[in-house]
Amino acid sequence: MVTTIHYCAKCTSDQLRRNGSKQGQPKYQCKACGYQGLFVPAAVRKAAQYAQVDALLLERNSQRSIARVTGVARRTIAKRIKKSSPASAATASLAA
Ligand SMILES: [Zn+2]
C-alpha cells in the first residue's frame, strides 16, 4: 500500500484534516495555520490537461476545437505547438 503524506501549501505543516470537497476533489484544512486548500495540486491537473492537448494536436485538430474540448486557452495551445516542433524553430532562425 502506498501512503502519501500531504503538506500544507502555506506553512508546510503535515497536521491536516479533511474538510469536505470541491468539484469532486477532497479539501483539507491545516490545523496549524487554518489554511484551506485542495489535496491535488494544480500542476497534476494541468499535466493531464496538456497531455490531452498534445494527443489532440497529433490528430491534427484545429487549435480552436482543442480549446473548446479541453478548456485550455488557444494562446496556450499555440505556445505548445511552437515549443514542441523543432522544424518551426529552424525555419524561424532561417528567416531571421
Ligand atoms: Zn498550514
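Here is a chat between a biologist and a modeller about this predicted model.

Biologist: Let's start with the overall layout. Which pattern does the protein follow along the sequence?

Modeller: The protein has four helices and three strands. Reading along the sequence, you meet the strands and then the helices, in the pattern β-β-β-α-α-α-α.

Biologist: And what percentage of the residues count as buried?

Modeller: Buried here means under 20% relative accessible area. The protein has 96 residues, and the share that counts as buried is 15%.

Biologist: On to the metal. Which residues are the protein donors of the zinc ion?

Modeller: Look for sulfur: each donor atom is an SG, lying 2.3 Å from the zinc ion. In sequence the donor residues are spaced C-x2-C-x18-C-x2-C. The residues that fit are Cys8, Cys11, Cys30 and Cys33.

Biologist: What is the geometry of the zinc site?

Modeller: There are four donor atoms, and the angles among them run from 106 to 112°. Four donors count as tetrahedral if all angles lie between 85 and 135 degrees. So the site of the zinc ion is tetrahedral.

Biologist: Take two of those donors. Is Cys8 buried or exposed?

Modeller: Cys11 makes a handy contrast, as it has a relative accessible area of 31% and is partly exposed. Cys8 has 2% relative accessibility. The cut-off for buried is under 20%, so Cys8 counts as buried.

Biologist: Now the sheet. Which strands are at its edges?

Modeller: Three strands form an open sheet with antiparallel pairing, in the order 1-2-3. An edge strand here pairs on one side only, and that picks out strand 1 (16-22) and strand 3 (36-38).

Biologist: How many degrees are neighbouring strands turned against each other on average?

Modeller: We're still in that open sheet of three strands. Ignoring direction, the average turn between neighbouring strands is 35°.

Biologist: How many residues lie between strand 1 and strand 2 in their hairpin?

Modeller: Five bridges join these antiparallel strands, and one of the pairings sets Lys22 against Gln25 in strand 2. In the turn, Gln23 has a positive phi of about 50°. The number of residues between strand 1 and strand 2 is two.

Biologist: Which residue in the turn between strand 2 and strand 3 has a positive phi?

Modeller: Strand 2 (residues 25-30) and strand 3 run antiparallel and are joined by three bridges. Gln29 stands opposite Gln36, and Lys27 stands opposite Leu38. The hairpin leaves five residues between the strands, and the one with a positive phi, of about 85°, is Gly34.

Biologist: Back to the segment before strand 1, where Ser13 sits. Which residue's backbone nitrogen lies 3.1 Å from a polar atom of the Ser13 side chain?

Modeller: Ser13 is buried, with a relative accessible area of 14%. Leaving aside neighbours within four places in sequence, Ser13 is in contact with His6, Tyr7, Cys8, Cys30 and Ala32. The backbone nitrogen at 3.1 Å from its side chain belongs to Gln15.

Biologist: Last one: how far apart in space are Gly20 and Leu38, C-alpha to C-alpha?

Modeller: Gly20 is in strand 1 and is partly exposed, at 41% relative accessible area. Not counting residues up to four places away in sequence, Gly20 touches Pro26 and Lys27. Gly20 and Leu38 are 18 residues apart in sequence, and their C-alpha distance is 9.8 Å.

Technical notes:
Residues are numbered from 1 along each chain as its sequence is written. This is a predicted model: local features need pLDDT of at least 70, side-chain atom pairs count only at pLDDT 80 or more; totals for chains, interfaces and linings use all residues. Side-chain values use heavy atoms; hydrogens and water are left out. Donors are N, O and S atoms within 2.8 Å of the metal (3.2 Å for Na, K and Ca); water is not among the atoms, so sites may look incomplete. Four donors count as tetrahedral if all angles lie between 85 and 135 degrees; four count as square planar and six as octahedral if opposite donors are over 155 degrees apart and all others between 65 and 115; anything else is irregular. Buried means under 20% relative accessible area, exposed over 50%, partly exposed in between (1.4 Å probe, protein chains only). Two strands pair if DSSP finds at least two bridges between them. Axes are lines fitted to C-alpha atoms, for helices over the stretch in contact, and angles run from 0 to 180 degrees between N-to-C directions. A polar contact is a pair of N or O atoms within 3.5 Å; within protein, one must be able to donate a hydrogen and the other to accept it, and residues adjacent in sequence count only if both atoms are side-chain atoms. Contact means heavy atoms within 4.5 Å.
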